[in-house]
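Have the sequence and the model open side by side, and let's take a walk through this fold. We'll begin with a single side chain and work outwards from there.

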Amino acid sequence: MSSWDYGNAFKEFPCEHGVVVFDNGSKAKVCDITKELPGFMCDADLLFIDPPWTQGNITAFYTKADKGSAPVFMDFHAALFERIAEIAPRACYVEMGKERLADTILSMRKLFPQVTFFNSTYYHKAQNMCYIVYGGKKRPAMKLDGMDEEDAIKFLCKNEDYACIGDLCMGRGLVGVNAYMAKKRFVGSELNHKRLSVLLQRITKIGGTYRILEG
């Protein structure tokens, strides 16, 4: 079994085609956000996104998803913020590494009047520094400095004021699982169906159900 198969969840929980609809009305779909935005993503009034941070990340993600040539970083970055603008959430959190922190702050400032960032980590290791950039209509009510990104997602999903949280780079579904556990609705898109299958597996394990609709 290849590490690119993410535990083979895709064999039991296939989701390559169609829209996944969960029992609480949450939705997710496999797609390339540089080419399309699922209409249901505009249900989100709050976003938390952990996009690729470098060209190497983008290339690896497209290779693992068997999607052919990857876009150059700044083209992907531009497309990401075009999608955020289309969704027009009340507030948005974007996780980012040091290499593109300044670019992300500048892009946020084009969309939101209030922008700041928090120091964070990933994989609960102090040496794994990253940042969570906030953009919104108001100053952030939540203080995230020093939180690992996994803890920050859990905290936001439980405590932020939102009706539906969205994630344009859903991966294995950390935002979706935590929103579901907080009894909130989520929407998401993900390039790699094998990664998105892990979300289905996780929600099923905690008692959730889903169906897949065409389209």
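Leaving out anything up to four places away in sequence, I58 touches P52, A70, P71, F73 and F76. You'll find I58 in helix α2, which covers residues 55-64. Keep in mind that this is a predicted model. Is I58 buried or exposed? Its relative accessible area is just 1%, and buried means under 20%, so I58 counts as buried. For a sense of distance, look at E16: E16 and I58 sit 42 residues apart in the sequence, and their C-alpha atoms are 20 Å apart in space.

Now zoom out to the whole chain. The protein has 7 helices and 9 strands. Its C-alpha trace spans about 40 × 35 × 35 Å along the principal axes. How does the radius of gyration fit with a compact globule? For 215 residues, such a globule would come out near 17 Å, and the protein has 16 Å, which agrees. Of those 215 residues, 52% count as buried. There's also a lot of long-range contact here: among contacts with a separation of 6 or more, residues 24 or more positions apart account for 66%.

Next, the sheet. It is an open sheet of 9 strands, and if you step across it you meet them in the order β5-β6-β4-β3-β7-β8-β2-β1-β9, with mixed pairing. Which strands sit at the edges? They are β5 (114-121) and β9 (210-213), each of which pairs on one side only. From one strand to the next, the twist averages 15°. As a reminder, strands in a sheet pair through backbone hydrogen bonds, either parallel or antiparallel. For a worked example, take β4 (residues 91-96) and β6 (residues 129-136), which pair in the antiparallel sense over 6 bridges. If you want to pick out one of the bridge partners, find Y93 and look across to Y134 in β6. Helix α4, residues 101-109, lies across β4, β5 and β6, and it runs at about 10° to β6.

Stay around these strands for a moment, as two loops are worth a look for their backbone angles. A88 belongs to the loop between α3 (73-87) and β4. Its phi is near 55°, a positive value in a residue that isn't glycine. A88 is exposed, with a relative accessible area of 54%. Y123 is in the loop between β5 and β6. Y123 isn't a glycine either, yet it has a positive phi of about 60°. At 58% relative accessibility, Y123 counts as exposed.

Now to a pair of helices. Where α5 (residues 149-159) meets α6 (residues 174-181), the two axes come within 8 Å and cross at roughly 35°. The crossing of α5 and α6 is right-handed. On the α5 side, the contact is made by E149, E150, I153, K154 and C157, while α6 brings in L174, V175, N178 and A179. Sorted by class, that contact has 5 nonpolar, 1 polar and 3 charged residues. Some helix geometry is handy when you look at that list: an α-helix has 3.6 residues a turn, so residues three or four places apart point the same way.

One of the α5 residues in that contact is E150. Setting aside neighbours within four places in sequence, E150 is in contact with H124 and L174. E150 is partly exposed, at 38% relative accessible area. From E150 to I165, 15 residues along the chain, the C-alpha separation is 15 Å.

The partner helix, α6, has its own story. Why can we call α6 largely enclosed by the rest of the structure? Because 6 of its 8 residues are buried. Those buried residues are V175, G176, V177, N178, A179 and Y180. What covers them includes α5 and α7 (193-205), along with the strands β3 (46-49), β7 (164-167) and β8 (185-190). Just after α6, K183 takes a positive phi of about 65°.

Conventions. Residues numbered from 1 in each chain as written. Predicted model: local features only at pLDDT ≥ 70, side-chain atom pairs only at ≥ 80, totals over all residues. Heavy atoms only, no water. Axes fitted to C-alpha atoms, helices over the stretch in contact; angles between N-to-C directions. Helix = DSSP H or I, 4+ residues; strand = E, 2+ residues; numbered from the N terminus. Left-handed = near helix turned anticlockwise from the far one by under 90°. Contact = heavy atoms within 4.5 Å. Nonpolar A, V, L, I, M, F, W, Y, C, P; charged D, E, K, R; others polar. Pairing = 2+ DSSP bridges. Rg over C-alpha atoms; globule rule 2.2 N^0.38 Å. Buried < 20%, exposed > 50% of the residue type's maximum accessible area, 1.4 Å probe, protein only.
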